[in-house]
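Here are some short exercises to work through with the coordinates open beside you. Try each one yourself before reading its solution.

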Amino acid sequence: MAYDEILKTLESWDAKSLISLAQEDEEILITLIRMLDEERFQLRVLALLEELLPLRTNREIYKELFPRLLLLLTRNRKTAVKAARVMKVLLLQEPPTKGDLRTLLKVMLDTPVEQNDPRWLELVDAADKLPPMDYRNVENLVLELIRSDNPGLKLVGLKFAKSIPGIRAEEVIREVLGLLLNSNNPVIVDKALDLVFEILTSPIPLRMEDVIRYLYSPLKALTESAPDAIITSKAREVFSALVKSAQRYYAIRPTEARESAKRLRREGLEYEAVFIEEIAGQPHSPVPYGKETLKMLTEDRSDLPDFLKG
């Protein structure tokens with residue numbers, strides 16, 4: 001199919017025909033990708049690519065598309081969000097090289113966006129699905145992401161951090177705390193709760209004391225005053241998982257439970273200290289827990305995975 005024919009079909013917005021033709025002929029797909037260089041076609045081509053890439057992607061297509069998407073991620077919000085959606089699909093099909101990942105992270109860090117700009121949230125799933133690779137020398141950029149004041153950047157960075165060796169679990173947990181406490185965006189809070197659940201079930205070595213230090217209070221607060229019912233329900237599930245994990249962990253570590261409670265109390269974290277003493281069956285001063293917290297401390301959730309065993 002000649003360039004002029006592709007152009008005419010694109011201008012008439014016969015998307016179904018273009019998708020069908022590009023599936024059969026890779027040269028048509030390559031031509032469409034190169035049309036991203038022209039601003040008037042960008043939104044239409046991006047819409048087509050979001051449909052096409054799951055059906056037909058290889059390294060040649062990746063090489064043509066990746067640098068163009070990087071450029072579009074820095075453009076106006078509408079174009080950038082669509083480019084981010086296509087980037088997500090591309091990276092799920094063809095993982096980035098370490099060099100490309102560094103370039104993507106630098107673009108994200110160097111592109112000024114508003115707090116509520118959703119472009120980086122579109123990349124959360126791609127960050128979460130990175131295959132095991134040698135990502136050394138990328139840690140510094142990931143740390144910049146997770147320490148960002150922008151909730152979208154922070155969340156993507158935390159997702160990347162799960163695949164990057166050399167980033168301390170405590171750092172990840174502390175920054176998740178920032179998302180739970182400081183974001184008024186229900187989407188961010190919802191995804192942060194998913195991340196907490198993933199962290200608790202991951203092989204990342206965690207200290208139970210750190211988990212309780214940073215996550216107990218925000219999770220407990222969300223069980224009682226989350227932005228909506230869906231987040232309240234999810235927060236209660238995650239909090240219950242934390243309770244059961246801590247019960248199993250400290251049941252065989254009574255001395256560590258006492259020492260952890262002492263350290264937390266010295267930091268002024270009285271509720272956290274009493275929580276450990278309560279689940280470890282140790283003497284403690286009473287604290288006025290709410291009804292929901294008391295229920296979650298005692299109810300049976302034997303169907304939950306065995307978090308943080310060891």
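The exercises below go from the whole chain to single helices and then to single residues, and the model they use is a predicted one.

**Exercise 1. The chain as a whole**

Find how many helices and strands the chain has, and what share of its residues count as buried.

Solution. Start with the secondary structure: the chain has 17 helices and zero strands. Next, turn to burial: 51% of the 310 residues count as buried. Finally, look at the contacts in the chain with a separation of 6 or more: 71% of them come from residues 24 or more positions apart.

**Exercise 2. The span of H15**

Check the end-to-end length of helix H15 (residues 254–266) against the span expected at 1.5 Å a residue.

Solution. The expected span is 1.5 Å times one less than the number of residues. For the 13 residues of H15 this should give 18 Å, and the C-alpha atoms at its ends are 19 Å apart, which agrees. Past the helix comes Gly268, with a positive phi near 85°.

**Exercise 3. The buried side of H15**

Work out which residues of H15 are buried and what covers them.

Solution. The buried residues are Ala257, Ser260, Ala261 and Leu264. They cover an arc of only 100° around the axis, which puts them on the same side of H15. The general rule behind this pattern is that an α-helix has 3.6 residues a turn, so residues three or four places apart point the same way. Now look at the cover: it includes helix H13 (208–225), helix H14 (229–251) and helix H16 (270–279).

**Exercise 4. The surroundings of H16**

Decide whether H16 is largely enclosed or not, by counting its buried residues.

Solution. List the buried residues first: Glu272, Ala273, Val274, Phe275, Ile276, Glu277 and Ile279. That is seven of the ten residues of H16, so the helix is largely enclosed by the rest of the structure. After H16 comes Gly281, where phi is positive, near 70°.

**Exercise 5. The packing of H3 on H5**

Describe how helix H3 (residues 26–34) and helix H5 (residues 59–72) pack, and class the residues that meet.

Solution. Take the geometry first: the axes are 10 Å apart, at an angle of about 10°. Angles under 35 degrees count as roughly parallel, so H3 is roughly parallel to H5. On the H3 side the contact has Glu26, Leu29, Ile30, Ile33 and Arg34, which meet Glu60, Ile61, Glu64, Leu65 and Arg68 of H5. By class, the contact has five nonpolar, no polar and five charged residues.

**Exercise 6. Three buried residues in and before H13**

For Glu209, Tyr214 and Leu206, find the relative accessibility and a partner distant in sequence.

Solution. Begin with Glu209, which lies in H13. At 2% relative accessibility, Glu209 counts as buried. Beyond its neighbours within four places in sequence, Glu209 is in contact with Tyr250, Ser260, Arg263 and Leu264. Of these, Tyr250 is 41 residues away from Glu209 in sequence, with 10.0 Å between their C-alpha atoms.

Move on to Tyr214, also placed in H13. Its relative accessibility of 13% makes Tyr214 buried. Not counting residues up to four places away, Tyr214 touches Glu170, Ile173, Arg174 and Leu177. Glu272 is 58 residues from Tyr214 in sequence, and their C-alpha atoms are 9.4 Å apart.

End with Leu206, in the loop between helix H12 (186–201) and H13. At 15% relative accessibility, Leu206 counts as buried. Leu206 and Glu170 are 36 residues apart in sequence, and 7.3 Å separates their C-alpha atoms.

Terms used. Residues numbered from 1 in each chain as written. Predicted model: local features only at pLDDT ≥ 70, side-chain atom pairs only at ≥ 80, totals over all residues. Heavy atoms only, no water. Helix = DSSP H or I, 4+ residues; strand = E, 2+ residues; numbered from the N terminus. Buried < 20%, exposed > 50% of the residue type's maximum accessible area, 1.4 Å probe, protein only. Arc of directions from axis to C-beta. Contact = heavy atoms within 4.5 Å. Axes fitted to C-alpha atoms, helices over the stretch in contact; angles between N-to-C directions. Parallel < 35°, antiparallel > 145°, perpendicular 65-115°, else oblique. Nonpolar A, V, L, I, M, F, W, Y, C, P; charged D, E, K, R; others polar.
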